[in-house]
Amino acid sequence: MSQRGPHPAAVEPYRYTLVERLYLPLLTGLMVTMRHFVRNLLRRGKTYTIEYPEKRRQYSHRYRGHHILTTRPDGGLRCVACFLCATACPAECIHIEAGEHPDVNVEKYPIVYDIDMLRCVFCGYCVDACPEEAIIMSNNHDMAFFDRAQSIATKDDLQKPYTYDESRLGYRPRYPEEEAQHAALRHGLVDLVEEARRRGAQSAGGERHSAAG
Ligand code: SF4
Ligand code: SF4
């Protein structure tokens, strides 16, 4: 005689309880929402809501927002159309068409440089891959599009002058302001070590003095 196994051999439809059929478990979730709603209503001024766009959160200067194509002092793009950024891009959202540069010192330049902002995942790999520091990111996250075509940031959009505002820079290979802070910190640490040594030498000298007396 065959024994019945530990697992059911047939798939049976799930049987909903009366409570589930009345959707009552949803009330638990609604209660959480209501609790937060009432608490925030009574604690005005202590809420975590930021009334954007009138108020804005201060993001880190490493924030990865809208890209910037940087320029040389003569105003030309630093980009040499090497395609490293496009190759590194996991979303495959960078489209470059290279052309021969009239200046013989610059081999190539991008005739077309487009980034599809709706496909971009703002990972910053393009910035990491670029050997020329030709692409960096800004703090700008105001990106709203009314149709698909507007989401394509062209070469002109990517080198708009507003993005050169120092306070709005985001992810980039170098942070000169941070380097100055780190140098000051390192200097301060060396001073602390020197101070500790000096005090140690002073107290050892004092002990020898009192032992001799
Ligand atoms: S941030 Fe990432 S996803 Fe966006 S363009 Fe650069 S590499 Fe591609
Ligand atoms: S942005 Fe940098 S990595 Fe991308 S094509 Fe230009 S030079 Fe190469």
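These are my notebook entries on two ligand shells, one helix and one sheet in a predicted model.

**Ligand 1.** I looked up the surroundings of ligand 1 and found 14 residues around it. Those that come nearest are Cys89, Cys120, Cys123, Tyr125 and Cys126. I then sorted this shell by residue class: 13 are nonpolar, 1 is polar and none is charged.

**Ligand 2.** I repeated the lookup for ligand 2, which is surrounded by 13 residues. The closest are Cys79, Cys82, Leu84, Cys85 and Cys130. By class, the shell of ligand 2 holds 12 nonpolar residues, no polar ones and 1 charged.

**Helix 2.** I checked the span of helix 2, which runs over residues 26–42 and has 17 residues. From its first C-alpha to its last it reaches 25 Å, close to the 24 Å expected at 1.5 Å a residue. Next I asked how many of the 17 residues of helix 2 are buried. The number is 0, so I note that helix 2 lies largely in the open.

**Sheet.** I traced an open sheet of 3 strands and wrote down its order as 2-3-5, with antiparallel pairing. Strand 2 (94–100) and strand 5 (152–153) stand at the edges. Each has a single partner strand, so one side of each is left without a neighbour in the sheet. I followed the pairing of strand 2 with strand 3 (residues 108–116), which is antiparallel and extends over 7 bridges. For one residue I looked up the partner by name: Glu100 has its bridge partner, Lys108, in strand 3.

Conventions. Residues numbered from 1 in each chain as written. Chains lettered and ligands numbered in written order. Predicted model: local features only at pLDDT ≥ 70, side-chain atom pairs only at ≥ 80, totals over all residues. Near = placed C-beta within 6 Å. Nonpolar A, V, L, I, M, F, W, Y, C, P; charged D, E, K, R; others polar. Helix = DSSP H or I, 4+ residues; strand = E, 2+ residues; numbered from the N terminus. Expected span 1.5 Å × (residues − 1). Buried ≥ 20, exposed ≤ 12 C-beta atoms within 10 Å, placed from the backbone. Pairing = 2+ DSSP bridges.
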